[in-house]
Amino acid sequence: MSDTAPDMLAAALALHAAGCSVVAVRTDGSKRPTGGWKEGQAERATEARVRALFAHGHPGVGVICGAISGGLEMLELEGRAIEEGVLDQLVEILTNSGMTELWQRIATGWLERSPSGGLHLHYRVTGGAPGNTKLASRLAREDELTDDERDLLVRHPRKKILRGLIETRGEGGFVVTAPSHGSVHATGRPYELLDGGPATMPTITAAEHQALHAVCRMLDTVPADEPVDHASERPEAPAPLDEAAAFLFGGGGPTAGTAGGLTPGDDFEQRTGWPDILTPHGWKSLFVSGGTTYWQRPGKEGREPSATTGHRMDRDRLYVFTTSTEFVAERPYTKFGAYALLNHSGDHSAAARELRRLGYGERATEPVRHLSAVPTARPAIDGTAALAPQPQQIPTRYAVDISYDPDAIIHITDAVCNGTIPDSYVRNGELVQVAEVSGDVLTEQRQMLKSTIQGIGPDSLRRLLARHADVYRMKAGKKGEPPSEVPSSPAVAICKAVLTETNWPGVRPLVNLVGAPVLRPDGTVLQTPGYDPATAFYYAPHSELPIVPATPTGEQVAAALEFLLDHVLGDFPWATDSDRANFVALLVSPILRPYVGGLIPLGAISASDRGSGKTLLADVIGTLYGAVVRPWVSDDDELRKAVTAALMGTSAVVTFDNVGDQDSVEAPTLAKLLTSPAWDDRVLGRSEQARLTNDRLWLVTGNNIRFGGDLAQRTVLVQLDPKCARPDLRTGFQIPDLGEWLEDPGNRAKLLHSLLLLARAWIVGGAPKGDYAMRSFRRWARSLGGFLAFHEIGGFLGNTAQLEQQDEEAASWAAFLTTWDERYGTEPKTATDLLQSTQTAPGFGLPDPWNGTFVTRANGTLPTPRGLGMMLASRRGRYFGELVLRGDYDSHKKTWFYHVASDPNGASPSSTEGA
């Protein structure tokens, strides 16, 4: 056996130790066991037998499923299921059904990839696994058919040729396992272990097993052979139906019946939605995915679905996946059939008579107001429907009646809630759509945009309805002729009225569009493109990333850490280790934020001189996650507008670049923003207020940045100090041009993958927290401190003293109180007293008695007595160095008297009394 060949004996013994019935696999590509494998179904091989089979490195090992291996079942998702997004749909349904924990347990317990690209998930079932089961399939496409299959279709045109998507191996089944390789599979490729292994194989309950199979069956798209229903359960007779029977039961089409009118059954199908039929009988709509609505039967607890509507592409039917209802499991029901069963015990004649009494069976001159968007099957217009068998190419569209304006508003609103417009979401109460951007457009976000969040306005709503729905008005017929449908488009005023709605049940909430993976609240990695229900993020990757393993190995973590610290960040001239640790905390914050929650402090990237690399450091973060970069503005009103504009966009990072030498970071807008989970402001150019989620990472860059107000206490400082003249002329870097290096998608992907490995390793390690106190940001400080300590990156938040030295306000007040203390000690003074002490006799050239330390307004002038009183009141009880400002109110004189006191314990500068 070569040095690089897998240790088959060790793998086989691990399977045996886990209680599996181990057999050898043939090397002819048939994926079958060798010899009399039936013996392995009755009795497990001994350890000696296993050693004999694999002592010489036989390349194929497998296990027999079922009771002999402790109730083992293997769930297989075929390679085509992965490619066609079936796995994504499965995870979304499981998540919406409250089965995330079950899925995580299975997906991380023992997960393998087959040579054909499929996934094998192994687990045991309490009480035993059933036999091999096909759970989901689809019709074969025209281009997939073999010659034999084409011949079969010629002989049997109604024959369904299927392609499997999800199936299991259970009692009586067998599965090849990793690390089988070579000629064991026809491709010659190996079976790969992706996560866990036999020793960590989970056990699920019978109820969990039943729920898992039910959800998998919901992904089957093979049109079922429909049983007789309202159009076919009519009295059979050799003669044509009489007029009464034809009117009651219908002739199967929209024009059947008498005098060209609709039958009650056909009319009911077109005018009624599933909620009108199911909800009165206790059924609950759980969630909507794509065009499919998932329902739960009456009396069922939790969020496990029991049925679907709108799933089939050919016709909208109810499919029930449980035997605990009046319905026959896995049989398609039309709306009329479901109505007849629920309300008339399946008596279609009685159901038709009741609908006739309620007014169904002919067009009403005025639309029925409780009806809304109804899914109707429309034939393809490109001729492909004529290619048999391809029933799934018939699209499902919604018919929306806008004949009567009040009903039109309701109908369009219901149509949107029922999923008429694909990729539509609700964000901050506004209806939006995730849309593709044509062309590769490099924007100020410093990334190649592929998707964007676009608000849906009246004009775009008209366009989307024209594309995805059949919108019509009823036109009165000529004398003696029935009314007819006329294609139409809603008026702009109608669309405006629709869009005033802020509650959109059935429309998925959207927090933001993300271009890089993040950690979900449960610690798993969002790495499947598209909408993620767990975070309400839409993941539109900027770069293709390798899959992040649920449990990274020690070697992977060590390599990721070395790549990050020594290669990517190794050449930056950090002033201290704390500056590097703080930057890594900021760098990984967008990934960890959904898991950690809470607010993130301002990241200030400062340098002692130009050319030190501060902008490049900000670019490292911005390029990974998408950043909008704006020049620093000292005007607070302009800064407010910039903040609102940034929050209405999708960029995960907002950088205010190059704080000027004459400026300090002290804007009240920024101070308020950093401690507010939501931001309220008037939308520029519109007379409406916007309430926006503050979920961004905010950065500022500049040389020797100074802070004012409360900003220093809400900031994490990253300082660069090259300790040389003209740092921009330095050479000899590991990465000669980091900016150009970051433009390569492969390099960005490797850096992101490294950060995700470190994040998952921390989660697997129990996500330990650190003991750090940072007011308003405690959750972030404790989590990121724990993350850095876990990876042995020291110094986190160790440069707060340097930050305080750059707090201009604290420094000026410390100087003011020091002079005050020297002049007056503890003698009480009013604001007027203090201002009078600044005056000197004119014309004598006397020196400033305060030596330039008296506090001033922002423009450098002395405040008024009232202004100084307000400044003193806002700092009463606050420490500046070892001095604290104290105040006492004289109720007789109605005046505040202030004095300066020394703190014998030497309190920290800018700490707050009583905090």
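Two strands count as paired if DSSP finds at least two bridges between them. Keep that in mind for this tour of a predicted model.

**Stop 1: strand β33**

Select residues 697–703, which make up strand β33. How many of the residues of β33 are buried? Seven of the seven are, so the strand is largely enclosed by the rest of the structure. Now look at its two faces. L697, L699, T701 and N703 lie on one side. W698, V700 and G702 lie on the other. Both faces are covered.

Add residues 602–607, strand β28. Five bridges join β28 to β33, and the two run parallel. Click G603: its bridge partner in β33 is L699.

Next, add β30, residues 653–659. Here too, five bridges lead to β33, and the strands run parallel. Click T655. Which residue of β33 is the bridge partner of T655? It is L699.

**Stop 2: an open sheet**

Strands of a sheet pair through backbone hydrogen bonds, either parallel or antiparallel. Move to the open sheet of five strands, in the order β11-β12-β13-β14-β15. Its pairing is antiparallel. Which strands stand at the edges? They are β11 (284–289) and β15 (332–333). Each has a single partner strand, so one side of each is left without a neighbour in the sheet.

Zoom in on β13 (residues 307–309) and β14 (residues 318–320). Three bridges join this antiparallel pair. Find A307: opposite it, in β14, stands V320.

**Stop 3: two crossing helices**

Select helix α10 (residues 264–271) and helix α12 (residues 335–344). Their axes come within 8 Å and cross at roughly 105°. That makes α10 roughly perpendicular to α12. Show the side chains at the crossing. From α10, G265, F268 and E269 make the contact; from α12, K335, F336 and Y339 do. By class, the contact has three nonpolar, one polar and two charged residues.

**Stop 4: a loop glycine**

Go to G523, in the loop between β24 (518–519) and β25 (525–526). Is G523 buried or exposed? At 0% relative accessibility, G523 counts as buried. Leaving aside residues up to four places away in sequence, G523 touches Y595, R760 and I763. Now select P594, 71 residues from G523 along the chain. The C-alpha atoms of the two are separated by 9.0 Å.

**Stop 5: cysteines**

A disulfide is a covalent bond between the sulfur atoms of two cysteines. How many disulfides does a search of the whole structure find? Zero. Select C495: at 0% relative accessibility, it counts as buried. Then select C724, which counts as partly exposed at 35%.

Note on methods: Residues numbered from 1 in each chain as written. Predicted model: local features only at pLDDT ≥ 70, side-chain atom pairs only at ≥ 80, totals over all residues. Heavy atoms only, no water. Disulfide = S-S within 2.5 Å. Buried < 20%, exposed > 50% of the residue type's maximum accessible area, 1.4 Å probe, protein only. Helix = DSSP H or I, 4+ residues; strand = E, 2+ residues; numbered from the N terminus. Contact = heavy atoms within 4.5 Å. Axes fitted to C-alpha atoms, helices over the stretch in contact; angles between N-to-C directions. Parallel < 35°, antiparallel > 145°, perpendicular 65-115°, else oblique. Nonpolar A, V, L, I, M, F, W, Y, C, P; charged D, E, K, R; others polar.
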